[in-house]
Amino acid sequence: MKFQQYEKQKNKDWVLVSPTKIQLKKPLVLVFGNRFLLEEAAVYEDVKNIFPDGEIVLGSTAGEIMLEKVYEDSITITAIEFEKSSFKVERANILDFDKDAVAIGKHLAAQLPSKNLKHMFIVSEGSFVNGSALINGLESKNTNTAITGGLCGDDARFEKTVVGYNEKPKEGEIVAIGFYGESLEISFAQYGGWTPFGPERIITKSEGNVLFELDNLPALDLYKKYLGDKAAQLPQSALLYPLSLMQKGKKEPIVRTILSINEEKNTMTLAGDVPMGSTVQLMMANIDNIAEGALHAADIGMKNRKNKPELALLVSCVGRKLVMDQRVEEEIEEVIEIIGKQAVVGGFYSYGELAPFYGNKSCELHNQTMTLTLFSE
């Protein structure tokens, strides 16, 4: 693999971060950045001028990750030339599918050739998509192909997210990148570090990713009761107090973050499905546990690898970033400590993370996790 990385701060020029400038042949160009900056007309053209034959994927974030740093109000570029393997990019807009996440997932999976498909990486709109339903659609055709990626962010605003493929990014876009190659080694992992607290409650009414009732009581009312004074800052304050969700028949709990609330209907919309009969519990975190969770994710990702990773794509949750605040780069440093400084690191802070549990290929939607995808050729 060959790499080039650039970074652009608000109202400043592009800066080459890589040690030397080299010409890449038909690279995959991953552009992660602040939503307002990505929406500027000149940005896509700038990237196209730097990488005229690149396949350009853009996504808005709640913070950008590059090397050992975390950026805000910026745009980062990680461009990768694969020397022994190949990739294919497909896109679709969920607004063309009546916001049916399963349908668009099936469509994208069908567009990627399944022969020798080694891995899928997803860059998805993140403000209203049902992430777990999207995964169900994506896995409908390629059940043996692991999926990782993330739902794009918009800092802590939750106004809208934008994604693009070879064009200026816009609302509703979902991009799927398929990777192919015999020599390509890809491993992945996710881990949280949040701690459950308070009573367990049963979901007694829900539809998809909309939560109505817990223990036959209005879910939003109960949630506000626990938040106390922080209820006035919903949905942003919900990032600090996600829900641990244990579904019937599952061995591992998953974490769900609230994307929006509906005061009139007294409901909460979460980033993924919240099936009736599942048990939920509030969660909280401290900085040390979150940093240790990132280290644990890296440990899992390095298990059974034959080669050291050349590329690490990190997708971490905006909630982790808010908790860690000025210490946020510690979780990136923990990952690098384990995977090695030879790996080029890129990624973003998200509204949801996609990755299987360790030992599985079936993908899950997570919130509040550090997720990593490690590549070598």
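Here is a friendly talk about the cavity, pockets, one helix and the cysteines of this predicted model.

Visitor: How do you know which parts of the model to use?

Guide: This is a predicted model, where local features need pLDDT of at least 70 and side-chain atom pairs count only at pLDDT 80 or more, while totals for chains, interfaces and linings use all residues. Residues are numbered from 1 along each chain as its sequence is written, and side-chain values use heavy atoms, leaving out hydrogens and water.

Visitor: What makes a space a cavity, and how many cavities are there of 30 Å³ or more?

Guide: On a 1 Å grid over the protein atoms alone, a cavity is a set of points where a 1.4 Å probe fits but cannot get out. The count comes to 1 cavity of 30 Å³ or more. About 110 Å³ of space lies in the largest cavity, where a volume is the space filled by probe spheres set on the grid points, joined across faces, edges and corners.

Visitor: Which residues line the largest cavity?

Guide: Lining residues have an atom within 4 Å of a point, and among them here are Phe 197, Tyr 223 and Val 280. Strand E14 (195-207) gives the largest share, 4 residues. By class, 9 lining residues are nonpolar, 2 polar and 1 charged. Nonpolar covers Ala, Val, Leu, Ile, Met, Phe, Trp, Tyr, Cys and Pro; charged covers Asp, Glu, Lys and Arg; the others, Gly among them, are polar.

Visitor: What makes a space a pocket instead?

Guide: A pocket is an open set with protein on both sides within 12 Å along at least five of seven lines. The largest pocket has a volume of about 600 Å³. Its lining has 26 residues, and those nearest its centre are Gln 190, Glu 252, Pro 253, Ile 254 and Phe 357. The lining holds 11 nonpolar, 11 polar and 4 charged residues.

Visitor: What is the volume of the second largest pocket?

Guide: The second largest pocket has about 350 Å³. Of its 21 lining residues, Ile 186, Ser 187, Phe 188, Asn 360 and Lys 361 are the closest to its centre. Strand E13 gives the largest share of this lining, 6 residues.

Visitor: Why are Val 43, Tyr 44 and Val 47 of helix H2 said to lie on the same side?

Guide: Helices (H or I, at least four residues) and strands (E, at least two) are DSSP runs, numbered from the N terminus. In H2 (residues 41-50), Val 43, Tyr 44 and Val 47 are buried, meaning under 20% relative accessible area, with exposed over 50% and partly exposed in between (1.4 Å probe, protein chains only). They cover an arc of only 95° around the axis, so they sit on the same side of H2; the arc is that of the directions from the helix axis to the C-beta atoms. On the other side of H2, Ala 41 and Asn 49 are exposed.

Visitor: How do you know that Cys 152 is in no disulfide?

Guide: A disulfide is a pair of cysteine sulfur atoms within 2.5 Å, and the count here is 0. For Cys 152, the nearest cysteine sulfur, that of Cys 317, is 13 Å away, and Cys 152 is in no disulfide. Cys 363 is in none either, with the sulfur of Cys 317 nearest at 15 Å.

Visitor: Why is Cys 152 called buried?

Guide: Its relative accessible area is 0%, so Cys 152 counts as buried. Cys 363 has 4% relative accessibility, so Cys 363 is buried too.
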